[in-house]
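Let's take a walk through a protein model together. Keep the 3D view open and turn it as you read.

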Amino acid sequence: MGRKVENVNSAKKRIREFFYSKGLDLKTAESRCGYARGFLSAGGVVGSDKLEKLVAAYPEIDLNWVVTGVVREDNIKMPESNTYKDAYHAAMLQISALNRLVEELEDKVVE
């Protein structure tokens, strides 16, 4: 069983969210995946060739989530170290990623 992530509605947006949560800018992440610059910001779909490159560069990504938006409960990974400092750092990365997504959405609303 999983839960649907409602606020992220496309594979490209979920991939961007993943990169932001890792503290990566799109240019760096796109380059590491072998994507053309701007690929994740452009319209269109993500083909299987792009997903293969994504998994090769970032094997920890949950492809089920990328494709469907569903987070499988058994796929949620807790940090190896459960110290408060690690948990705080992880939470701050997630907050940063969410803030960037909010900014993206606000920019689209203004346009």
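Start with Ile15, and look past the residues up to four places away in sequence: Ile15 touches Leu40, Val46, Leu54 and Val66. That is a handy place to begin, since Ile15 belongs to the largest nonpolar core, a set of 21 residues. Within that core, Ile15, Phe19, Cys33, Leu40, Leu54, Tyr58 and Val66 touch the most other members. Who supplies the core? Helices α1, α2 (26-33), α3 and α4 (63-68) each bring at least two residues to it. The biggest giver is α1, with five residues.

Before going further, a word of caution: what you're looking at is a predicted model. Its mean pLDDT, the predictor's confidence score, is 78, and 76% of the residues reach 70 or more. Confidence isn't spread evenly, though. Helix α3 (residues 48-57) has the highest mean, 93, while strand β1 (residues 2-4) has the lowest, 47. Over residues 1-8 the score stays under 50, although the model does have 21 contacts there beyond four places in sequence. Where pLDDT is low, the predicted coordinates should not be read in detail.

Now zoom out for a moment. The protein has five helices and two strands, and if you read along the sequence they come in the order β-α-α-α-α-β-α. Of its 111 residues, 31% are buried. Try this one: among contacts between residues at least 6 apart in sequence, what share joins residues at least 24 apart? The figure is 61%.

Back to α1, which covers residues 11-21. Why can we call this helix largely enclosed by the rest of the structure? Because ten of its eleven residues are buried. The buried ones are Ala11, Lys12, Lys13, Arg14, Ile15, Arg16, Glu17, Phe18, Phe19 and Tyr20. As you can see, that list has charged names like Lys12 and Arg14 in it, next to oily ones like Ile15 and Phe18. Just after the helix comes Gly23, with a positive phi near 80°.

Let's stop at Lys12, which is found in α1. Is it buried or exposed? Its relative accessible area is 5%, under the 20% cut-off, so Lys12 counts as buried. Leaving aside neighbours within four places in sequence, Lys12 is in contact with Phe39, Leu40, Ala42, Gly43, Gly44, Val45 and Val46. One of these, Gly44, sits 32 residues away along the chain, yet the two C-alpha atoms are separated by 8.7 Å. Phe39 meets Lys12 in two ways. Lys12 lies over the face of the Phe39 ring, 4.1 Å from its centre, and a polar atom of the Lys12 side chain is 2.9 Å from the backbone oxygen of Phe39. Another lysine, Lys50, also lies over the face of Phe39, at 4.9 Å from the ring centre.

Next, follow α1 to its aromatic residues. How many aromatic pairs does the structure hold? There are four. In one of them, Phe18 and Phe19 are tilted, with 5.8 Å from centre to centre and 55° between the planes. Add Tyr58 and you have an aromatic cluster made of Phe18, Phe19 and Tyr58. Both of the Phe residues are tucked away: Phe18 counts as buried because its relative accessibility is 10%, and Phe19 is buried with a relative accessible area of 0%. You've already met Phe19 and Tyr58, too, in the list of core residues that touch the most other members.

Now move to the loop between α3 and α4, where you'll find Asp62. With a relative accessible area of 15%, Asp62 is buried. What does its side chain reach? The Asp62 side chain gets to the backbone nitrogen of Asn64, at 3.1 Å.

Our last stop is Ala91, in helix α5 (residues 84-110). Unlike the buried residues we've been visiting, Ala91 is partly exposed, with a relative accessible area of 32%. Look for Ser21 as well: Ala91 and Ser21 are 70 residues apart in sequence, but their C-alpha atoms are 9.3 Å apart in space.

Notes. Residues are numbered from 1 along each chain as its sequence is written. Side-chain values use heavy atoms; hydrogens and water are left out. pLDDT is the predictor's confidence in each residue, from 0 to 100. Helices (H or I, at least four residues) and strands (E, at least two) are DSSP runs, numbered from the N terminus. Contact means heavy atoms within 4.5 Å. Buried means under 20% relative accessible area, exposed over 50%, partly exposed in between (1.4 Å probe, protein chains only). Rings of Phe, Tyr and Trp (its six-membered ring) pair if their centres lie within 6.5 Å; planes under 30 degrees apart count as stacked, over 60 as edge-to-face and the rest as tilted. A charge sits over a ring if NZ of Lys or CZ of Arg is within 6 Å of the ring centre and within 35 degrees of the ring normal. A nonpolar core is a set of buried Ala, Val, Leu, Ile, Met, Phe, Trp, Tyr and Cys residues joined through side-chain atoms within 4.5 Å. A polar contact is a pair of N or O atoms within 3.5 Å; within protein, one must be able to donate a hydrogen and the other to accept it, and residues adjacent in sequence count only if both atoms are side-chain atoms.
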